[in-house]
Amino acid sequence: MKDLRTVIAFTIKDMAKRKSFIVSTIIILLIIIIGFNIPNIINLFNGDNSSSDSGDKLLIVDSTNLFEGALDNLNKMNLGYEVETTSEALTFDDIKEKINNDEIDEAIIVEQNERYKLRYIVKDMTMMEGMPEDLMDGINTIYTNLQISKLGLTEEQIQSLTPNFEYSIEQTEEQQVSGNVLAIMMLSIVLFYAIYFCAYQVSSSITTEKTSKIMETLVTSTSPRTIVLGKTIGIGIVGLIQVCLFVAVALISAKLFLEPGLLESVLDMSQMTPYLAIVTIIYFILGYFTYALLYALTGSTVSKPEDIQSANTPVAILAVIGFYLSYFTMMNPTSDLNTFAALFPISSPFCMPFRIMMGIASGTEVAISIAILVVTILIIAKVAIKIYSNAILNYGTKMTFKDMVNMYRDKNN
């Protein structure tokens with residue numbers, strides 16, 4: 001136990017002192033802070049434009065008096081325009097001059113021949129497909145109401161023409177899904193990267209120490225099992241602290257830099273309960289151990305840092321498969337495939353916490369999923385420690401899969 005604590009302490013100090021770790025942490029923290037300041041940065045550069053609450057200046061020329069002066073009601077619809085109407089017969093050239101002189105931003109000329117026509121005039125129509133739909137709907141509504149009022153209908157008859165239906169949505173599945181899907185997917189991505197990159201550090205650390213011959217000293221002073229578990233736990237502790245730091249800075253930045261209620265309007269975090277937080281931490285730890293032990297296995301099979309990436313490719317593929325299996329089945333969370341993803345050990349750390357967040361995971365499912373993960377970790381640990389013990393002092397070429405199988409079958413080790 002003392003040797004385990006020594007290896008854990010050594011690993012934590014070694015990780016915390018690495019320039020790559022310090023620089024990457026600082027960069028990610030800066031990205032988080034700048035990301036939450038993007039609305040303020042945009043407002044800073046658009047300060048002159050944002051000072052006006054009325055929006056673009058829109059001139060509507062109704063020389064035929066088709067709308068009988070009712071177009072002023074567009075200002076009451078909060079369409080983002082400062083609407084001004086005129087009955088003067090302005091030509092296209094007159095409108096062009098007003099736009100060039102910044103008197104207006106855009107204009108509409110109402111023409112009435114055999115049919116009604118609206119000529120929408122702007123300075124530049126690049127990236128525009130036509131008149132904005134909200135503006136068209138507003139003009140159509142005003143014209144419709146004007147014509148209805150001329151029919152002398154009662155208020156009840158007018159309301160019957162535009163009934164106000166109430167809508168609801170129901171599903172035939174017995175399991176009811178709740179929660180903000182966007183929040184669920186974003187948290188799934190964060191959890192995946194937290195597990196993946198923390199676990200990846202185990203492989204890098206083992207290979208680096210093999211290259212520097214530090215491992216020879218460690219092997220002579222303690223057992224390979226202690227080294228594997230100590231390095232895995234040590235890097236996991238550092239990774240967990242790093243993730244908590246990122247989350248804390250993100251929450252503080254959201255509180256300081258975003259407008260009140262903006263984050264809540266996009267990400268409904270009402271489903272975040274203490275139970276969900278505890279379960280998420282448990283799955284983070286178990287998911288980390290699953291992939292970290294796999295990376296410890298691959299890291300012990302190479303003797304040069306430049307071989308790490310190729311050796312880690314199979315584990316990286318497994319991680320990506322697990323993440324996407326979880327991510328895409330969230331589109332249909334009550335499907336059998338999503339239930340499988342919540343139990344399958346390579347995807348359950350990314351999937352099960354968010355089935356809980358959606359309210360469709362039973363306590364039995366959670367218990368079975370955790371049990372499967374624990375058994376998987378024990379099996380991987382046994383294999384990893386066995387092969388690690390034989391491969392850690394190998395400074396030759398990268399070992400093949402056949403070599404690893406032979407090492408594991410070797411009863412003398």
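In which helix does isoleucine 41 lie? In this predicted model, isoleucine 41 belongs to helix H3. Its side of the story is one of partial exposure: the relative accessible area of isoleucine 41 comes to 36%, and a residue counts as exposed only over 50% and as buried under 20%. Isoleucine 41 is also one of the residues behind a nonpolar surface patch of about 730 Å², together with Ile22, Ile26, Leu30, Ile34, Leu44 and Phe45. Two elements, helix H2 (19–36) and helix H3 (38–45), each give two or more residues to this patch. H2 supplies the largest share, with four residues.

Next comes the sheet. Four strands make up an open sheet with mixed pairing, and their order is E2-E1-E3-E4. The edges are taken by strand E2 (81–86) and strand E4 (116–122); each has a single partner strand, so one side of each has no neighbour in the sheet. Ignoring direction, neighbouring strands here are turned by 20° against each other on average. As a general point, the strands of a sheet pair through backbone hydrogen bonds, and they can do so in a parallel or an antiparallel way.

How do E3 and E4 run where seven bridges join them? Strand E3 (residues 106–112) and E4 run antiparallel. The two strands form a hairpin, with three residues between them. Glutamine 112 has tyrosine 116 in E4 as its bridge partner, and valine 110 is matched with leucine 118, again in E4. Side chains add a link of their own here, as glutamate 111 and arginine 119 meet in a salt bridge at 3.0 Å, N to O. Both ends of this salt bridge are partly exposed: glutamate 111 has a relative accessible area of 21%, and arginine 119 has one of 29%.

That pair is one of five salt bridges in the structure. In general, side chains of opposite charge can pair when their charged atoms come close. Another salt bridge joins lysine 150 to glutamate 68, with the closest N and O atoms 2.6 Å apart. Lysine 150 sits in helix H6 (residues 133–150), while glutamate 68 sits in the loop between strand E1 (56–61) and E2, so this pair ties together parts that are 82 residues apart in sequence. Neither partner is buried, because the relative accessible area is 49% for lysine 150 and 43% for glutamate 68, and both values put the residues in the partly exposed class.

A further salt bridge brings together the side chains of glutamate 103 and lysine 98, at 3.4 Å from N to O. Glutamate 103 is partly exposed at 40% relative accessibility. Lysine 98 is partly exposed too, with a relative accessible area of 25%.

How many disulfides turn up in a search of the whole structure? The count is zero. For background, a disulfide is a covalent bond between the sulfur atoms of two cysteines. Among the cysteines, cysteine 244 is partly exposed, at 46% relative accessibility, whereas cysteine 351 is buried, at 1%.

How values were computed. Residues are numbered from 1 along each chain as its sequence is written. This is a predicted model: local features need pLDDT of at least 70, side-chain atom pairs count only at pLDDT 80 or more; totals for chains, interfaces and linings use all residues. Side-chain values use heavy atoms; hydrogens and water are left out. Patches are made of residues with over 30% relative accessible area and no salt bridge: like charges are joined within 9 Å, nonpolar side chains (Val, Leu, Ile, Met, Phe, Trp, Tyr) within 5 Å. Accessible areas come from the Shrake-Rupley method with a 1.4 Å probe; for residues, only the protein chains shown count as cover. A salt bridge is a side-chain nitrogen of Lys or Arg within 4 Å of a carboxyl oxygen of Asp or Glu. Buried means under 20% relative accessible area, exposed over 50%, partly exposed in between (1.4 Å probe, protein chains only). A disulfide is a pair of cysteine sulfur atoms within 2.5 Å. Two strands pair if DSSP finds at least two bridges between them. Axes are lines fitted to C-alpha atoms, for helices over the stretch in contact, and angles run from 0 to 180 degrees between N-to-C directions.
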